[in-house]
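This briefing is a plain walk through one protein model. Keep the sequence and the 3D view open while reading.

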Amino acid sequence: VTRIETPIHQLVLNVQRQPLNRFYDPMLLQRLLDLELRFPADEEPFTMAELFATLRSSIWAEAIQGAPINSFRRNLQREHLHHLETLVLRLPAGAPADARSLARADLVAIAEAITAADRTTPVDAVTQAHLVETSAQITAMLNAGFHRQ
């Protein structure tokens with residue numbers, strides 16, 4: 001049986017996935033790393049660390065603030081976790097090793113933000129379940145990352 005209505009969440013996720021694929025492309029990450037060498041000491045280039053921090057803080061804003069997370073944002077967060085997992089556990093060919101370190105740091109920061117978020121305002125059951133699942137996934141990724149080849 002096929003769906004007769006438009007799969008809105010899947011369409012939105014496909015749109016969200018495209019920039020993440022580009023931001024975490026090994027060539028772009030390598031270029032950002034190399035870019036740091038091309039600027040004089042008195043200038044500040046956009047760095048790979050800034051890319052990771054900016055994506056993390058914008059994608060996980062609700063989790064950091066302890067606010068409810070809508071279904072579109074939860075899907076975006078899951079996709080972001082997938083990219084971080086890939087960098088930590090299966091560093092793509094051509095990606096700099098620093099990308100693995102930054103991805104691991106992002107996972108730790110996200111887990112800490114979820115734990116430290118102000119939960120005085122209750123969130124809905126789906127948001128709570130999403131955050132619990134996210135924390136469990138991050139723990140598994142970090143543990144598995146130490147056992148990689």
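Arg56 is partly exposed, with a relative accessible area of 21%. That value comes from a predicted model, as do the others below. Arg56 forms a salt bridge with Asp106, and the closest N and O atoms of the two are 2.3 Å apart. The pair ties together parts that are 50 residues apart in sequence, because Asp106 lies in helix α6 (residues 97–116) and Arg56 in helix α3 (residues 48–59).

**The chain as a whole**

- The protein chain has seven helices and zero strands.
- Read along the sequence, its pattern is α-α-α-α-α-α-α.
- The C-alpha trace spans about 50 × 40 × 35 Å along its principal axes.
- The chain holds 149 residues, of which 36% are buried.
- Take the contacts between residues at least 6 apart in sequence: 68% of these join residues at least 24 apart.

**Salt bridges**

- Side chains of opposite charge can pair when their charged atoms come close.
- How many salt bridges does the count come to? The count comes to four, and three of them are described in this briefing.
- In the pair of Asp106 and Arg56, Asp106 is buried, with a relative accessible area of 1%. Its partner Arg56, at 21%, is partly exposed. The cut-off for buried is under 20% relative accessible area, so Asp106 at 1% falls below it and Arg56 at 21% does not.
- Glu62 forms a salt bridge with Arg73, with 2.8 Å between the closest N and O atoms. This pair links distant parts of the chain, since Glu62 is in helix α4 (residues 61–65) and Arg73 is in helix α5, 11 residues apart.
- Asp25 forms a salt bridge with Arg22, and here the closest N and O atoms are 4.0 Å apart. Asp25 is partly exposed, with a relative accessible area of 27%. Arg22 is partly exposed as well, with a relative accessible area of 47%.

**Helices α1 and α5**

- Helix α1 covers residues 8–23 and helix α5 covers residues 71–89. Their axes come within 10 Å and cross at roughly 40°.
- Are the two helices parallel, perpendicular or oblique to each other? An angle under 35 degrees would count as roughly parallel, and 65 to 115 as roughly perpendicular. The crossing angle is roughly 40°, and α1 and α5 are therefore oblique to each other.
- The crossing of α1 and α5 is right-handed.
- On the α1 side, the residues that meet α5 are Ile8, His9, Val12, Leu13, Gln16, Arg17, Leu20 and Asn21. On the α5 side, the residues are Ser71, Phe72, Asn75, Leu76, Glu79, His80 and His83.
- The residues of this contact divide into six nonpolar, seven polar and two charged.

**Glu62 and its surroundings**

- Glu62 has its place in helix α4.
- Is Glu62 buried or exposed? At 15% relative accessibility, Glu62 counts as buried, because the cut-off for buried is under 20%.
- Not counting residues up to four places away in sequence, Glu62 touches Ala67, Pro68, Ile69, Arg73 and Gln77. One of these, Arg73, is the salt-bridge partner of Glu62.
- Glu62 and Thr6 are 56 residues apart along the chain, and 27 Å separates their C-alpha atoms.

**Leu32 and its surroundings**

- Leu32 lies in helix α2 (residues 26–35).
- With a relative accessibility of 9%, Leu32 counts as buried.
- Which residues is Leu32 in contact with, leaving aside its neighbours within four places in sequence? Leu32 is in contact with Phe46, Met48 and Leu51.
- Leu32 and Phe46 are 14 residues apart along the chain, and their C-alpha atoms are separated by 7.3 Å.

Methods:
Residues numbered from 1 in each chain as written. Predicted model: local features only at pLDDT ≥ 70, side-chain atom pairs only at ≥ 80, totals over all residues. Heavy atoms only, no water. Axes fitted to C-alpha atoms, helices over the stretch in contact; angles between N-to-C directions. Helix = DSSP H or I, 4+ residues; strand = E, 2+ residues; numbered from the N terminus. Parallel < 35°, antiparallel > 145°, perpendicular 65-115°, else oblique. Left-handed = near helix turned anticlockwise from the far one by under 90°. Contact = heavy atoms within 4.5 Å. Nonpolar A, V, L, I, M, F, W, Y, C, P; charged D, E, K, R; others polar. Salt bridge = Lys/Arg side-chain N within 4 Å of Asp/Glu carboxyl O. Buried < 20%, exposed > 50% of the residue type's maximum accessible area, 1.4 Å probe, protein only.
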